[in-house]
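Please open the model in your viewer and keep the selection tool at hand. The tour moves from one group of residues to the next, and at each stop you will be told what to select and what is there.

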Amino acid sequence: MSDLDTSPGAGRRLSAFISHHSSQVAVARRLKGLLRERGIDGWLAPDDIAAGTAFDQAILDQIARSDAIVLLFCAQSDQSRHVKRELMLGEDGDKVILPVRLEDVSAQGLAYWLKDYQWIDWFAGEEQAVERIVAAMTGAPAKAARAAPVLAAALAPLQRPHRVAPCSRGWARLRWRLWSRAASGGWAVPERAVAILMPPSRTTPSNPASGRASAKS
């Protein structure tokens with residue numbers, strides 16, 4: 001777990017208010033844990049509301065203290081009055097709004113409020129989604145996909161200088177499997193890996209006639 005202070009002010013960690021429908025509380029808790037590992041505190045109801053505290057007041061106070069509203073969007077939250085109120089309060093407080101799609105559905109009930117925001121797709125990969133949330137809150141560039149170093153390490157023993165075309169069928173099958181897996185899994189393929197995976201270009205003599213003449217001489 002990282003205790004790095006990622007906030008602009010010394011001694012204070014960034015805080016994200018996780019707005020969600022009750023049917024997605026497991027995802028909200030998962031997101032809270034992933035953010036905590038990256039130095040950002042997540043807050044969600046009802047987990048973080050102290051006993052004896054008024055529910056509505058606790059939400060009002062936390063939205064005012066938070067640096068961003070992370071909206072976990074799904075078909076249920078799109079129709080939730082509570083989620084809509086939290087989104088409106090976040091906008092009134094000039095908070096960063098980060099809509100995270102849990103499902104590939106279009107906004108209807110919240111379409112007016114989410115029209116101008118850039119979406120983050122959780123279903124495309126939770127690690128990538130979390131990195132984008134962290135980047136939006138800290139202003140730091142999002143980290144490359146973690147699969148990239150793994151792919152680069154797998155390819156390292158297979159590298160050949162000057163992109164010499166391998167002649168074995170076994171290498172061709174391995175290269176195709178690695179390339180297909182990288183493409184389907186959304187890996188960020190390093191440039192050196194691309195040079196290995198891409199089929200080598202075939203070159204021909206610029207003057208075939210001169211080549212034949214030299215061969216005869």
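## Aromatic pairs

This is a predicted model, and by the rule used here the count of its aromatic pairs comes to three. Begin by selecting F17 and W43, whose rings form a stacked pair with 5.3 Å from centre to centre and 20° between the planes. F17 belongs to strand β1 (residues 14-19) and W43 to strand β2, so the pair ties together parts that are 26 residues apart in sequence. If you show the surface, keep in mind that both F17 and W43 are buried.

Next, select Y112 and W113, and look at the angle between the rings. Their centres are 5.2 Å apart and their planes stand at 85°, so this pair is edge-to-face. Is Y112 buried or exposed? With a relative accessibility of 70%, Y112 counts as exposed.

## From a ring to a charge

Now select W119 together with R101, and you will find the charged end of R101 sitting over the ring of W119, 6.0 Å from its centre. Keep R101 selected and add D121, because the side chains of D121 and R101 meet in a salt bridge, with 2.7 Å from N to O, and D121 lies in strand β5 (residues 120-121) while R101 lies in strand β4 (residues 96-101), so that the pair ties together parts that are 20 residues apart in sequence. R101 is buried, with a relative accessible area of 17%, whereas D121 counts as partly exposed at 24% relative accessibility.

## More salt bridges

Side chains of opposite charge can pair when their charged atoms come close. How many salt bridges does the structure hold? There are 10 salt bridges in the structure, and one of them is found by selecting D48 and K32, whose closest N and O atoms are 2.8 Å apart. This pair links distant parts of the chain, since D48 is in the loop between β2 (40-43) and α2 (55-65) and K32 is in helix α1 (residues 25-37), 16 residues apart. D48 counts as partly exposed at 27% relative accessibility, while K32, at 18%, counts as buried.

Then select E37 and R38, whose side chains meet in a salt bridge of 3.8 Å, N to O. R38 is buried, with a relative accessible area of 13%, but E37 counts as partly exposed at 44% relative accessibility. Add E127 and E131 to the selection, and you have one network, in which salt bridges that share partners join E37, R38, E127 and E131.

## Backbone details

Most residues other than glycine have a negative phi, and most peptide bonds are trans. With that in mind, select A45 and P46, which are joined by a cis peptide bond with an omega of about 5°; P46 lies in the loop between β2 and α2. Afterwards select D94, which has a positive phi of about 55° although it is not a glycine. D94 lies in the loop between α4 (81-92) and β4, and it is exposed, with a relative accessible area of 70%.

## Confidence along the chain

Finally, colour the chain by pLDDT, which averages 77 over the protein, with 60% of the residues scoring at least 70. Over residues 1-8 the pLDDT is below 50, and this stretch has 22 contacts in the model beyond near neighbours in sequence. Residues 157-167 also stay under 50, and for them the model has 13 contacts beyond four places in sequence.

Conventions: Residues are numbered from 1 along each chain as its sequence is written. This is a predicted model: local features need pLDDT of at least 70, side-chain atom pairs count only at pLDDT 80 or more; totals for chains, interfaces and linings use all residues. Side-chain values use heavy atoms; hydrogens and water are left out. A salt bridge is a side-chain nitrogen of Lys or Arg within 4 Å of a carboxyl oxygen of Asp or Glu. Helices (H or I, at least four residues) and strands (E, at least two) are DSSP runs, numbered from the N terminus. Buried means under 20% relative accessible area, exposed over 50%, partly exposed in between (1.4 Å probe, protein chains only). pLDDT is the predictor's confidence in each residue, from 0 to 100. Contact means heavy atoms within 4.5 Å. Rings of Phe, Tyr and Trp (its six-membered ring) pair if their centres lie within 6.5 Å; planes under 30 degrees apart count as stacked, over 60 as edge-to-face and the rest as tilted. A charge sits over a ring if NZ of Lys or CZ of Arg is within 6 Å of the ring centre and within 35 degrees of the ring normal.
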